[in-house]
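Biologist: Please show me the model, and then we can go through it.

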Amino acid sequence: MTSFPQVPQAHSASSLFDRGTLFFKPSLGRNLFNSICTSIAGLFATIAVLPLVLVLLYVLVQGGRLITPSLFTQLPPAPGMSGGGIGNAMIGTVVVTLIASLLAIPIGVGGGIYLSEYNRSGWFAQVVRFCNDVLAGVPSIISGVFVYGLIVATRIFFGQSYSAMAGGIALSVLMLPTVIKTTDEGLKLVPQELRWGAFGVGASQVVTILKVVLPAAFTPIATGVVLAIARAAGETAPLIFTALFSPFWPEGIFNPIASMSVLIYNFAIMPYAPQNQLAWAASFVLVVMILAANLLARWITRVNRT
Amino acid sequence: MSSLSTPAAVPESPAGAYTLRRRPMSEKLLDGGFRNLTMGLAALVATVLLAILITVFSGAREAIAEFGTSFLTSSAWDPVNEKYGAFTAIYGTLVSSFLALLLAVPLGIGTAIFITEDIIPSSLREAIGLMVELLAAIPSVVLGLWAIFVMEPAIRPLLNLSHKLLGWTPFFNTVPQGPGMAPAILILVVMVLPIITAIARDALNQVPIELRQGAYGIGTTRWGAIFNIILPAAISAIVGGVMLALGRAMGETMAVTMIIGNALNFNVSLLAPGNTIASMLANQFGEADGIQVSALMYAGLILMLLTFVVNVAAQWIVRKLSLRY
């Protein structure tokens with residue numbers, strides 16, 4: 001009984017269910033293919049993370065060692081001269097971003113409320129959502145061209161051409177789609193029972209929306225708004241020919257104003273080392289601010305989820 | 001019985017057991033007013049979009065009348081003789097964004113697979129995901145600064161090598177001298193990579209677990225499941241994300257402007273300075289006057305139409321190709 005004839009392995013029934021076939025064989029074609037693909041994916045992930053590490057490293061090291069108190073309190077030096085700071089550009093970035101936020105957040109949250117609470121699937125809502133998606137895809141430089149044509153070239157504000165106001169409006173055009181989208185999506189996640197409950201105890205629609213639904217959707221809306229502000233603060237293209245640049249302290253919102261992003265652009269392409277250094281220092285401040293805003297947005301989400 | 005109800009407004013309360021609350025006039029006005037206010041704000045989005053189109057188009061009208069469709073095919077950009085053609089910039093926009101995507105798509109999808117398919121511990125996966133998302137947050141002007149002072153000098157030997165080896169083809173027949181198309185393409189890869197990775201990761205995460213379980217249950221390998229089951233199930237969202245990234249690459253301005261060289265002359269070589277529509281606008285708009293402004297607006301209009309077509313196609317693809325589970 002013990003002397004079975006030797007049959008070719010592949011055809012024998014016993015070898016098909018042989019325990020040995022269940023062991024992992026690295027030399028099998030498909031397993032080789034598997035490990036090759038896994039290594040390639042790992043390599044790709046490394047390549048994808050590499051630029052971030054390098055950019056952060058350079059900005060933090062190159063810019064970080066230039067951080068001095070005078071950087072925040074002084075004006076940029078004349079081309080070719082060393083010393084000075086980016087104080088006016090920091091104030092300018094805050095001013096322009098603030099103008100953009102004051103325009104885009106009320107409009108965006110209001111529009112989002114309409115889409116989610118009053119008209120979820122009507123034709124008008126569909127049109128607005130489509131326009132919003134298209135607006136989100138409009139290149140940032142086009143919003144600069146738009147504001148240039150609408151405000152700067154027509155001198156609509158007291159005969160002023162380039163102004164902080166124009167820059168803020170250009171940035172708000174970029175922020176608006178993000179704010180509307182996050183408000184719309186955030187409000188849609190609020191359970192319908194909350195609205196019924198509010199109506200049930202006799203609240204009017206305005207009260208229901210402002211006191212019940214909107215607070216319930218605070219987390220996603222706040223996250224989206226913080227991310228939109230962070231993105232706007234770093235934008236350059238819409239500002240270079242709307243807010244322009246100014247080597248002086250801000251002179252009101254109807255005059256040209258400096259901003260950190262435009263300062264980085266202007267000083268990076270100058271052939272003077274001190275200016276290039278200031279560009280690195282400004283990058284450091286800008287990147288730290290934007291990363292902090294991003295981490296804040298994550299923190300808002302995490303704290304409110306638990 | 002509610003304290004909110006006004007007695008005069010309830011003439012027929014059934015049996016007097018309870019009363020219907022009548023909404024006072026002020027409340028109706030407030031409700032209606034708020035509804036109209038939000039509707040107006042929503043309508044503002046459409047108005048802004050329309051205003052952008054009208055402003056850019058009316059600005060471009062002079063140049064459209066002057067140059068017509070030859071604007072698209074002529075590569076002359078001559079402010080002295082007031083002859084303008086945007087072929088160099090249109091070519092640069094298309095070539096830089098397509099080549100950037102060609103590099104970024106495999107990298108992005110590979111990364112997305114690596115951080116969704118349970119290859120590495122979840123803490124490491126989240127760390128990579130976070131890093132890629134933070135990369136998206138870095139302003140493009142900072143990436144441009146980095147590209148000028150760090151990336152371009154670092155890759156110069158590689159570009160020189162490609163010129164030495166492939167210099168006989170028209171695409172590499174110029175000596176790299178700093179700013180040029182090739183570094184611009186590489187910085188575009190860095191900029192669109194996070195978009196592709198994030199969208200591909202979300203798409204892969206949404207593939208139902210049953211599909212994976214089924215695939216592994218009948219004995220396939222990990223990459224057998226990925227190539228035959230998981231990727232096909234997620235393909236519509238991934239393609240949509242790639243199209244969005246294409247739109248972003250076409251409109252990307254600052255980093256490209258700082259590193260592409262802003263050449264006015266057409267050159268097919270990737271190692272030579274080039275131009276894109278967006279960088280041409282960033283570079284010249286501030287100092288332009290007369291018909292040059294109009295020509296720039298015309299170029300801007302073309303850029304808008306290009307990104308519009310790409311973005312609408314992206315939405316359409318996501319809607320039409322998405323599988324129903």
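Biologist: Which residues of α5(B) are buried, and where is the kink in α5(B) centred?
Modeller: This is a predicted model, where local features need pLDDT of at least 70, side-chain atom pairs count only at pLDDT 80 or more, and totals for chains, interfaces and linings use all residues. Residues are numbered from 1 along each chain as its sequence is written, with chains lettered from A and ligands numbered from 1 in the order in which they are written. The buried residues of α5(B) (20 or more other C-beta atoms within 10 Å of their own, C-beta atoms being placed from the backbone) are B:Ser140, B:Val141, B:Val142, B:Leu143, B:Gly144, B:Leu145, B:Trp146, B:Ala147, B:Ile148, B:Met151, B:Glu152 and B:Leu159. The kink, about 50° (angle between axes fitted to the seven residues ending at a residue and the seven starting there), is centred on B:Ala147.

Biologist: Which helix gives the most to the largest nonpolar core?
Modeller: That core (buried Ala, Val, Leu, Ile, Met, Phe, Trp, Tyr and Cys joined through C-beta atoms within 7 Å) has 187 residues. Among those with the most contacts (C-beta atoms within 7 Å) inside it are A:Ile264 and B:Val192. With 18 residues, the most comes from helix α6 (residues 181-205; helices are DSSP runs of H or I, at least four residues, numbered from the N terminus) of chain B.

Biologist: How many residues does chain A bring to the contact with chain B?
Modeller: Chain B supplies 73 residues. The count for chain A is 69 residues.

Definitions and conventions: Two residues are in contact if their C-beta atoms, placed from the backbone, lie within 7 Å. A residue is buried if 20 or more other C-beta atoms lie within 10 Å of its own, exposed if 12 or fewer, and partly exposed in between; C-beta atoms are placed from the backbone. Helices (H or I, at least four residues) and strands (E, at least two) are DSSP runs, numbered from the N terminus.
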